[in-house]
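Subject: Structure to look through, with notes

Dear colleague,

I am passing a structure on to you, and I would be glad if you opened it beside this email while you read. My notes come after it.

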Amino acid sequence: MTEAAKHSAEPARTVPAPLPPLPPDVSIERVRDRFDGQDSRDIFAKVVEFTLIERAQALGVYPFFQPLDNNDGPEAQIHGRRVLMFGSNNYLGLTRHPHVVEAAREAITRYGTSMTGSRLLNGSILLHEELEGRIARFLRKDAALVFTTGYQTNLGTISALVDKRSVAVVDKLDHASIYDGAQLADGEILRFKHNDARHLDTVLARIPQHKAVLVIVDGVYSMGGDIADLPAIVDVCARHGARLFVDDAHAIGVIGEGGRGTASHFGLEDRVDLVMGTFSKSLASIGGFVAGPRKVLEWIKHFGRSMMFSASLPPSCTAAALAALDVIENEPEIVERLQKLGTLWREGLSSLGFAVGNSQTPIVPVQLGDEYTTVVFWRELLENGVYTNPVIYPAVNMKEGILRTSCMATHTEEQIAQALEVFRDVGRKQGHIS
Ligand SMILES: Cc1ncc(COP(=O)(O)O)c(C=O)c1O
């Protein structure tokens with residue numbers, strides 16, 4: 001049992017005896033399809049017989065929307081029990097950093113809790129512009145534009161640029177917000193095989209010359225923790241005259257010089273046209289940004305619907321992101337610590353015998369298999385004091401469930417060793433490792 005579990009407010013719950021396999025017809029897709037086609041005027045009709053969630057809850061294997069009682073960073077409390085947090089995007093652990101907390105508090109005192117309007121009208125404050133300037137300097141780009149979430153950043157950026165005579169070319173494993181942005185756009189969407197620059201080359205070669213092209217990749221893939229093959233991708237884009245947009249949501253603060261992301265990691269900052277990031281991960285806040293040429297951002301600012309028709313980032317979140325940037329710039333050693341602990345965590349899981357895919361970062365997927373096996377493993381880890389995130393169909397392919405794990409710069413080596421012990425014990429018990 002871990003230290004965290006020993007200090008729990010409640011005795012550890014015992015895991016019930018192995019559960020019977022779930023019937024094969026309970027995947028969300030199939031259940032939804034079954035009712036989509038039904039002949040009813042009532043739009044709620046499909047909902048009535050959708051019982052998958054209740055059934056999973058009754059079996060004790062429903063893993064989503066689990067409220068934390070508290071979140072201290074490397075440890076959290078859930079259902080009254082302390083757990084080691086290995087499922088957070090708070091990679092640098094800055095959500096509790098005194099400078100960040102104080103900046104958010106001061107901003108509320110000065111500006112109030114919300115700007116109650118879009119950036120376009122009454123929602124802009126000088127803090128937004130200060131943050132934009134700071135990000136542009138940090139990433140060595142001409143300018144930056146701040147949105148209310150990372151999701152909205154992708155929606156606004158892609159839909160503003162990809163018009164009727166354009167094509168968005170996306171990696172198969174790009175984040176949902178990229179797909180949604182491409183859907184909102186008027187142009188065509190084409191996909192290429194995950195991180196396969198040769199296939200990208202083939203896809204680009206088929207696009208007629210009169211069409212404008214935006215290639216969009218994640219810098220660090222949010223589920224696999226693998227890094228985009230930018231050296232090959234930038235060359236392919238250049239050869240075909242395509243612009244490149246990199247989603248660095250999981251790369252800022254994590255890889256590159258002082259946490260400057262994927263282009264910096266490869267020394268290719270000049271060869272990436274647009275970079276987006278979020279404040280909701282290493283930057284300890286919420287919100288998003290896109291950085292690139294000022295003229296292009298002016299366009300996005302006036303045609304990105306998610307910027308124009310949604311209220312701006314609250315002052316406290318803006319100030320928290322600014323303060324987190326201060327910390328990253330003044331204490332770059334925290335990024336190095338994250339990278340060092342990430343290696344310890346990844347190699348620890350791998351040497352226990354778990355399949356961790358192609359992760360090269362502190363985001364480490366533990367590949368488990370079918371949906372049920374994945375949630376049972378997740379639950380037993382939690383029972384033993386380790387918090388992780390189960391990712392199952394439709395977020396990944398059917399029967400390719402993973403536990404998405406990640407470590408933080410604020411974990412101790414001892415906490416990593418404790419969590420690895422729990423993984424070893426649960427993994428052996430459930431027959432995933434020997
Ligand atoms: C790769 C990627 N892009 C964009 C986003 C959206 O960011 P946000 O949570 O700030 O809306 C996420 C969030 O999970 C992400 O993982």
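The notes below go from the whole chain to its two domains, then to the interface and finally to one loop residue.

Please keep in mind from the start that this is a predicted model. The chain contains 17 helices and 14 strands. Its radius of gyration is 22 Å, close to the 22 Å that the globule rule gives for 434 residues, so the chain is as compact as a globular protein of that length. If you lay the C-alpha trace along its principal axes, it spans about 60 × 55 × 45 Å.

The domain assignment divides the chain into domain 1, made of 3-15, 58-85 and 333-429, and domain 2, which runs over 96-330. The C-alpha centres of domain 1 and domain 2 lie 28 Å apart, and the contact takes 17 residues from domain 1 and 18 residues from domain 2.

How much area do domain 1 and domain 2 bury between them? The value is about 1,300 Å², with 58% of it on carbon and sulfur atoms. On the side of domain 1, the residues that lose the most area to domain 2 are V335, T361 and I363, which together account for 31% of what that side buries.

As for polar links, the rule finds one salt bridge across the interface of domain 1 and domain 2, and it finds eight residue pairs in polar contact there. When you look at charged side chains, you can also find D72 and R96, whose side chains meet in a salt bridge with 3.7 Å from N to O.

Several elements give two or more residues to the side of domain 1 that touches domain 2, namely β1 (68-71), α15 (333-352), β11 (363-369) and β14 (401-406). Of these, α15 gives the most, with four residues. Sorted by kind, the residues of that side of domain 1 divide into eight nonpolar, seven polar and two charged.

Finally, please find N195, which lies in the loop between β6 (188-192) and α9 (197-205). Leaving aside residues up to four places away in sequence, N195 touches D171, D226, I227, A228, D229 and I233. With D229 there is also a polar approach to look at, since a polar atom of the N195 side chain lies 2.8 Å from the backbone nitrogen of D229.

With best wishes

Terms used: Residues numbered from 1 in each chain as written. Predicted model: local features only at pLDDT ≥ 70, side-chain atom pairs only at ≥ 80, totals over all residues. Heavy atoms only, no water. Domains from an automatic or database assignment. Contact = heavy atoms within 4.5 Å. Buried area = accessible area lost by both parts, 1.4 Å probe. Salt bridge = Lys/Arg side-chain N within 4 Å of Asp/Glu carboxyl O. Polar contact = N/O pair within 3.5 Å; in protein donor to acceptor, adjacent residues only side chain to side chain. Nonpolar A, V, L, I, M, F, W, Y, C, P; charged D, E, K, R; others polar. Rg over C-alpha atoms; globule rule 2.2 N^0.38 Å.
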